[in-house]
Amino acid sequence: MQFYLNGYAPGDPDIIKEALPETVDVLIVGSGPAGALLAAQLSNFPSISTRLVERRDGPLKVGQADGIACRTVEMFEAFGLAQKLIREAYWVNETVFWRPSKKDRTRIERTGRVQDTEDGLSEFPHLIVNQARLQQYLLDYMRMSPTRLEASYGLEFVTLKVEPEGEHPVVVTLRDVAKGSETTVRAKYVVGCDGARSGVRESIGAMPHGDFANHAWGVVDMLAVTDFPDIRLKAAIQSADEGNILLIPREGGYMVRLYVDLGDIDPNHREAIKDFTQEKVIATAQRVLHPYSLDVKRVVWFAVYQVGQRVTDRFDDVPADQAGSRLPRVFIAGDACHTHSAKAGQGMNVSMQDAFNLGWKLASVLEGRAGPELLRTYNVERHAIAQRLIDFDKEWSKIMASPPKDPEHPELGGVDPQELQAYFVKSGRYTAGVATHYTPTTPLTAAATHQDLAKGFTIGMRFHSAPVVRLADAKPVQLGHAARADGAWRLYAFADATGTRLRDLMAFLADSPDSPIRRFTPTGTDVDIDSVIDVRAVFQQGHLELKVEALPSILMPRKGCFGLIDYEKAFCPDLKHGPDIFDLRGIDRAQGSMVIVRPDQYVANVLPLEAHADLAAFFGRFLLDRRP
């Protein structure tokens with residue numbers, strides 16, 4: 001076998017590296033969680049040329065983030081990957097709290113135990129699985145996508161410039177890490193998912209603002225033998241004098257991660273962080289766990305870090321004073337936008353939500369569904385979310401790093417362990433990832449004028465799935481799982497008491513020239529009628545009381561080259577296994593309602609079933625008319 005003909009290149013020699021094309025639609029820099037998810041989403045669109053470049057010589061193998069919020073699992077369901085995560089991951093069911101014993105403060109004792117995620121918050125659990133595995137799911141998804149997208153490794157971002165005109169105005173210089181040679185790629189859009197030291201961020205002049213952390217934490221993934229009884233439960237452990245630990249059981253049943261509090265670092269001597277060796281961090285953990293033993297058999301991954309809470313001033317290449325006159329061409333996502341501590345488990349999750357927000361917008365613009373003005377909403381929406389994350393993380397990190405109060409010496413300060421437990425419970429929705437709330441600051445989120453028609457589907461928040469029964473095959477399913485990562489909007493029509501308003505709406509959508517489906521869906525025999533706006537209906541009757549053959553035609557559309565019928569668009573309440581969705585989500589039974597859901601699974605609007613003109617006007621705010 002012969003290789004290295006044109007210079008040494010690390011990695012598997014059986015993998016043939018394709019040369020990058022001269023032009024692409026979207027160039028993604030960095031294959032971490034944000035970059036991998038964005039690439040996976042765009043890989044679904046054959047008409048869009050996407051390339052993912054990574055300076056490493058191959059996929060991540062071990063370490064880094066591991067917490068998967070409930071909301072992230074919901075998002076992964078849109079890729080068909082949720083069950084893979086659930087099968088492999090550790091489920092965080094309960095969290096325990098330990099503090100110094102009242103009788104002997106050199107020893108720790110359990111003082112509290114709470115359910116990790118409140119009932120009904122999501123159909124999915126809070127999970128733990130290492131970042132490398134999660135990224136591999138996305139990389140595998142890319143390879144099996146219509147575009148068969150593969151990451152290009154060993155390519156380092158050097159610089160970029162945005163030219164004032166041209167079809168591919170972003171000129172990017174990349175360096176081959178192994179050979180040192182440079183190449184140029186032109187792109188319509190570039191997304192920097194290249195971490196906290198982002199070169200893409202620097203190239204567009206965006207600046208992170210906030211605090212540098214002066215507090216150090218060691219993180220160790222280990223295989224160990226211990227008599228600590230809660231080794232397979234998430235645990236917040238406060239010792240009297242040795243520091244604190246956040247213990248996270250890992251997938252597989254044996255491995256555990258410890259976040260070990262190492263105290264403050266002199267900001268004038270930051271190099272002192274190098275003194276915290278693996279052995280010293282483990283020794284600290286052993287002292288915190290006293291009187292329990294910790295016999296470490298093998299360290300799988302180790303790191304010491306200081307991460308400040310910082311937010312970049314903008315998430316695209318358009319300065320604030322030019323926001324109304326320029327359209328963005330370069331974006332940043334993930335750690336390039338925001339950095340914070342790992343204790344709340346939000347970094348990887350929020351980074352992927354950045355990408356999920358941006359991906360469908362890029363696809364909409366590149367496929368001609370929406371004008372490029374849509375891309376301005378990414379910075380507006382995600383910057384506000386990042387700032388709220390930083391505010392939360394500052395408070396949570398402060399509590400986690402504080403020593404417990406000594407009842408004998410209250411003047412020394414510290415945090416009451418009960419306060420730590422109470423704050424954890426209070427913050428449950430945030431750490432589960434379901435607290436994100438988009439406000440009506442962009443055309444994508446409407447005012448809550450008709451919110452009372454569907455009280456449980458809050459405008460601006462994620463579509464909270466609920467159990468239903470699919471009419472055609474009587475299969476119990478989750479309504480939210482109808483959504484795919486395909487860039488389509490979802491219109492869920494909940495029937496009124498008589499069904500008259502629902503049928504009038506279906507007739508309007510199918511036949512009226514003002515129908516948003518007719519206006520905004522491309523014409524052609526090969527076009528899926530649901531490709532832009534996917535209509536679903538939920539009836540009030542049980543599935544045995546309705547006839548499939550009586551459904552409106554738009555709920556049984558013909559698709560594909562053979563004109564086959566789609567039978568999976570009509571649903572009924574799951575009266576056998578759970579509460580009626582109309583009661584569970586506060587749907588007005590007399591009037592019914594329309595719930596409009598964005599491609600990233602957030603509720604955009606709630607309207608009366610008869611508000612046909614308002615429905616068309618809402619979509620007209622951002623979709624392009626595709627009628628011939």
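What follows is a chat between a student and a tutor about a predicted model, working from values to labels.

Student: Let's start at the front. Why is Pro 33 called buried?

Tutor: Pro 33 has 11% relative accessibility, and buried means under 20%, so Pro 33 counts as buried. Pro 33 sits in helix 1.

Student: What is Pro 33 in contact with, leaving aside its neighbours within four places in sequence?

Tutor: With Gln 131, Gln 135, Leu 138, Met 348 and Met 352. As for chain separation, Pro 33 and Val 350 are 317 residues apart along the chain, yet their C-alpha atoms are separated by 9.7 Å.

Student: What makes helix 1 "mostly covered"?

Tutor: The count: 10 of its 10 residues are buried. Among them are Gly 35, Ala 36, Ala 39 and Ala 40. The cover includes strand 1 (23-29), strand 2 (50-54), helix 2 (70-77), helix 4 (131-143), strand 11 (182-192) and helix 7.

Student: Why are helix 1 and helix 7 called roughly parallel?

Tutor: The axes of helix 1 (residues 33-42) and helix 7 (residues 347-366) cross at roughly 30° and come within 8 Å. Angles under 35 degrees count as roughly parallel, and therefore that label fits helix 1 and helix 7. Their crossing is right-handed.

Student: Which residues meet there?

Tutor: From helix 1, Pro 33, Ala 34, Leu 37, Leu 38, Gln 41 and Leu 42 take part. On the helix 7 side, the list includes Met 348, Met 352, Phe 356, Gly 359 and Trp 360. By class, this contact of helix 1 with helix 7 has 13 nonpolar, three polar and no charged residues.

Student: On to the strands. How do you know that strand 5 is largely enclosed by the rest of the structure?

Tutor: Six of the seven residues of strand 5 (residues 94-100) are buried, so the label follows.

Student: What makes strand 5 a partner of strand 6 and of strand 14?

Tutor: Two strands pair if there are at least two bridges between them. Strand 5 has seven bridges to strand 6 (residues 108-115), running antiparallel, and four to strand 14 (residues 234-238), in the parallel sense. So both counts meet the cut-off of at least two bridges. As examples, Glu 94 stands opposite Gln 115 in strand 6, and Val 96 stands opposite Ala 235 in strand 14.

Student: Why are strand 6 and strand 17 edge strands?

Tutor: They belong to an open sheet of seven strands with mixed pairing, in the order 6-5-14-15-16-13-17. Strand 6 and strand 17 (294-305) each have a single partner strand, so one side of each lacks a neighbour in the sheet. The twist averages 20° from one strand to the next.

Student: How many bridges link strand 17 to strand 13?

Tutor: Strand 13 (residues 215-226) and strand 17 pair over 10 bridges, in the antiparallel sense. There, Trp 217 has Tyr 305 as its bridge partner in strand 17. Helix 6 (residues 278-288) packs on this sheet, with its direction at about 120° to that of strand 17.

Student: What makes strand 22 and strand 29 edge strands?

Tutor: They come from an open sheet with the order 22-21-27-24-23-28-29. Strand 22 (475-478) and strand 29 (603-607) each pair on one side only. Here the twist averages 30° from one strand to the next. Strand 22 pairs with strand 21 (residues 467-470) over four antiparallel bridges, with Pro 467 partnered by Gln 478.

How values were computed
Residues numbered from 1 in each chain as written. Predicted model: local features only at pLDDT ≥ 70, side-chain atom pairs only at ≥ 80, totals over all residues. Heavy atoms only, no water. Axes fitted to C-alpha atoms, helices over the stretch in contact; angles between N-to-C directions. Parallel < 35°, antiparallel > 145°, perpendicular 65-115°, else oblique. Left-handed = near helix turned anticlockwise from the far one by under 90°. Contact = heavy atoms within 4.5 Å. Nonpolar A, V, L, I, M, F, W, Y, C, P; charged D, E, K, R; others polar. Buried < 20%, exposed > 50% of the residue type's maximum accessible area, 1.4 Å probe, protein only.
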